[in-house]
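Work through the exercises below with the sequence and the coordinates side by side. Try each task before reading its solution.

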Amino acid sequence: MALDRRIEPWSALLDEARGDGRLVQESTEGPRRARPCAPPSELHPDLLAALGRTGIERLYSHQRDAVHAAWDGPVIVTTGTASGKSLCFNLPTLDVLCRDRRARALYLYPTKALAQDQARALAGLGLGARVRPAIYDGDTPRETRAQIRRDANVVLTNPDMLHVGVLPNHPAWGELFANLAVVVVDEAHVYRGVFGSHVANVLRRLRRVAAAYGTEPRFLMASATIANPLELAERLTGLEDFALIDDDGSAHARRRIAVWNPPVTDEALGERRSALGEAGELLARLVADGARAICFMKSRKGVEVLSQVVRAELAGSAPELAELVVPYRAGYTPQQRRELEGRLMRGELRAVITTDALELGIDIGELDAAVVVTFPGTVASLRQMWGRAGRRGRGLAVYVAGEDALDQFFCRHPEEFLERPVEAAILDHESPLIHRAHLLCAAHEGPLDVHDAEFLGPRWEAHAEQLEAQGHLRRRPTAGSFVLRRPGSYPAAEVSLRSASPDSFAIVDVSSGELLGTTEAARAHSTVHAGAVYMHLGRSYEVRELELDARRALVAPFEGDWYTQPKRETDTEIMRLLDRRAHGGVTLSFGEVQVTDTVLAYQRRRIADHVPIDLNGLELPPTSFATQALWYELDAGALAERIPLAALLGALHATEHAQIAVLPLIAMCDRWDIGGLSTNHHPQTGTPTIFIYDGHPGGIGIARTAFARFEELCDDAARLIGGCRCASGCPSCVQSPKCGNLNEPLSKAGALALLEELRADAPAAVAAPL
């Protein structure tokens, strides 16, 4: 232990936290030795020479394996953070470019910073005219775009630009498509949910346009570790026979992992000290003790506040260190971002506090500690953030839990948390509204015909016929192909890759006139009603007015100390049954439903303690959308034997909340992607029924996953509630921050009793008296 203290600046800190109970679990990973090997001798001599000039004389074993696999077919690489995944796709791509001067490659990145990082890496290899990388995104000056189309043989862009700027204008990109040899998709795990369902359609359109020019590019992908990498690769591209490279041959520093739970301040209410305050002290201590650290926060406002807290903690004892703690978030100018990244790379800073802008694979130099404040949404993201720690032979990875249900679930089951497998990335390229929108984009790029099943899927024609019936497409009488009914239209401009429905509301900042983004019409009434506090890229805004006719919300920057929660009435109508099975004495169903929401009011609550401030009425019309849902019907008679009638609705409601809270453990989603309804009598089933549905129009596969893994959902929900020490329900178990009934009524004990019935083969949890 004495040796530990000499080489690890956090040993004393962990000792203190272990003693007062804040450190609820710790473990150690690594170290792991690298498995080096020689670069494949078959690589082009100029590329081998370039590797030597840059000091790369040996590869890791997985890099060599990836190169050989890429020569045979499509590949996805899922080795760990800082394992050199970029070389896995750069080497085979550059080998092609060195051998064929006409060949082209297309690199897709989810962020501009990642594309810039990769462009620098490619230029740094010094291959001269053989490799001519160029970034093509919204910041690219118009006067240079024609030159990029003509001269660049590596085009780095993002899915949005590919969707709206490149594919619809493919004649201008004829040289690229006619010689397209490789498509690289980095950070593929980002492409899930609504965004992933859109990107899957964009990549199918890319393959279709390339085929029209006579090329069939090789797809090379890289991803953080997820449960279903091959399935993700195939669903994103529509291709089969991907090779998986997941045997990491890179070195791994010894890393200490700590699960940190802020102390309880009110036992009965289940309240704890704020995670932000706890993280501020922890980070200041790490910096003062000599560690270089990165800290991840969900919100941009949280990043700024935590930066101020850490600086204030250091100002008295080490003012020279306080100036070396900086925030890094979305919203900076390109110049500010490059300056910060440079200071990080050069090791000039002691701590950086960031949103997920730095979660992805940007090279920011060597760090000792990574602190994640509250659960980032998925275990996969958490582990990728933790992977930032330990670049100098030692590392500390800390998870500071919040009071949210998932955070406290992990703190009550920390051993399982550290061993829990990463989640599966879910997407559905045939989600009806998304798929049909991209069929219109594809029809703009070229007539749809019988050959398109290879790219667009076997059911594209049925969707096209629906678009024909709606007046968007017309069928050519002789050729039988489909074309746009309005040939001059530009469908791609009307499709946002982050929205499940083309029917949307614009969100406009009245202080600057800037269009911040859009929100689906089905969600607008509950998220951007007048008076709502709305978060965009981690920054808070207050909605001044929701203009229903103009389809826009007018917002202004907000610095208040409260948040808002809508009160709404929800109805579900079962439209189509797709699957059904029995489970634990209930009938479990999956199918299509129509959800109707009426937002009646909104409640303001203080951020510090969640105490309600007031309730404000709203007059908004109902909104409806079709989506996918699972629902289960309960036997009212059997329930009456366990749960008093007065507690039944609260038991159903609390069960619904708990299952929605833990569903992200199974699917890579956020609880805000999921909706629910519980009722003691549904008019169509005639019995007590709980619905859990995709919160996006059309559905994206979340409810389908919950239906398939319902047993796990019940087990996790029961342990979430049963392990919480509160008396009757709190934000750490059955209360939900998005509840449309403002968390009334709820019966924690009733939910435990109900979940015991559902867990047919699981040991019973201990229920409190009803």
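The exercises that follow concern a predicted model.

**Exercise 1. A helix pair**

Task: Classify the packing of helix α8 and helix α10 by angle, and describe the contact.

Solution:
- Step 1. Locate the helices: α8 covers residues 159–166 and α10 covers residues 193–212.
- Step 2. Take the geometry. The angle is about 50 degrees, and the axes are 10 Å apart.
- Step 3. Classify. Angles of 65 to 115 degrees count as roughly perpendicular and those under 35 as roughly parallel. The angle therefore makes α8 oblique to α10.
- Step 4. Add the hand: α8 crosses α10 in the left-handed sense.
- Step 5. List the contact residues. α8 supplies P159, L162 and H163; α10 supplies F195, V199, V202, R205 and L206.
- Step 6. Sort them by character: six are nonpolar, one is polar and one is charged.

**Exercise 2. A strand with two partners**

Task: Find how strand β11 and strand β17 each pair with β18, and state how far β18 is covered.

Solution:
- Step 1. Start with β11, residues 254–260. Seven bridges link β11 to β18, and the two run parallel. V259 has Y399 of β18 as its bridge partner.
- Step 2. Turn to β17, residues 369–373. β17 also pairs with β18 in the parallel sense, over five bridges. Here A369 is matched with L396 of β18.
- Step 3. Check burial. β18 spans residues 394–400, and six of its seven residues are buried. β18 is thus mostly covered.

**Exercise 3. The parallel sheet**

Task: Give the strand order of the open seven-stranded sheet and identify its edges.

Solution:
- Step 1. Read the order: β6-β7-β5-β8-β9-β4-β10, with parallel pairing.
- Step 2. Find the edges. β6 (133–135) and β10 (243–245) each have a single partner strand, so one side of each lacks a neighbour in the sheet.
- Step 3. Note the turn between neighbouring strands. It averages 15 degrees, direction ignored.
- Step 4. Inspect one pair. Three bridges connect β4 (residues 75–77) with β9 (residues 218–222). V75 stands opposite L220 of β9.

**Exercise 4. The mixed sheet**

Task: Trace the open sheet of five strands and sort its described pairs by direction.

Solution:
- Step 1. Write the order: β22-β21-β25-β24-β23, with mixed pairing.
- Step 2. Mark the edges. β22 and β23 (533–536) pair on one side only. The average twist from one strand to the next is 35 degrees.
- Step 3. Pair β21 (residues 504–509) with β22 (residues 515–520): antiparallel, five bridges. V508 has L515 as its partner in β22.
- Step 4. Look at the hairpin of β21 and β22. Five residues lie between the strands, and G513 has a positive phi near 80 degrees.
- Step 5. Pair β21 with β25 (residues 552–557): parallel, four bridges. V508 faces L554 of β25.
- Step 6. Pair β24 (residues 539–547) with β25: antiparallel, six bridges. Y541 is matched with P557.

**Exercise 5. One histidine**

Task: Is H463 buried or exposed? Which residues does H463 contact beyond its neighbours within four places in sequence?

Solution:
- Step 1. Place H463: it lies in helix α21, residues 460–469.
- Step 2. Apply the cut-off. Buried means under 20% relative accessible area. H463 has 11% relative accessibility, so H463 counts as buried.
- Step 3. List the contacts, leaving aside neighbours within four places in sequence: E430, P432, H435, R436 and L439.

Methods: Residues numbered from 1 in each chain as written. Predicted model: local features only at pLDDT ≥ 70, side-chain atom pairs only at ≥ 80, totals over all residues. Heavy atoms only, no water. Axes fitted to C-alpha atoms, helices over the stretch in contact; angles between N-to-C directions. Parallel < 35°, antiparallel > 145°, perpendicular 65-115°, else oblique. Left-handed = near helix turned anticlockwise from the far one by under 90°. Contact = heavy atoms within 4.5 Å. Nonpolar A, V, L, I, M, F, W, Y, C, P; charged D, E, K, R; others polar. Buried < 20%, exposed > 50% of the residue type's maximum accessible area, 1.4 Å probe, protein only. Pairing = 2+ DSSP bridges.
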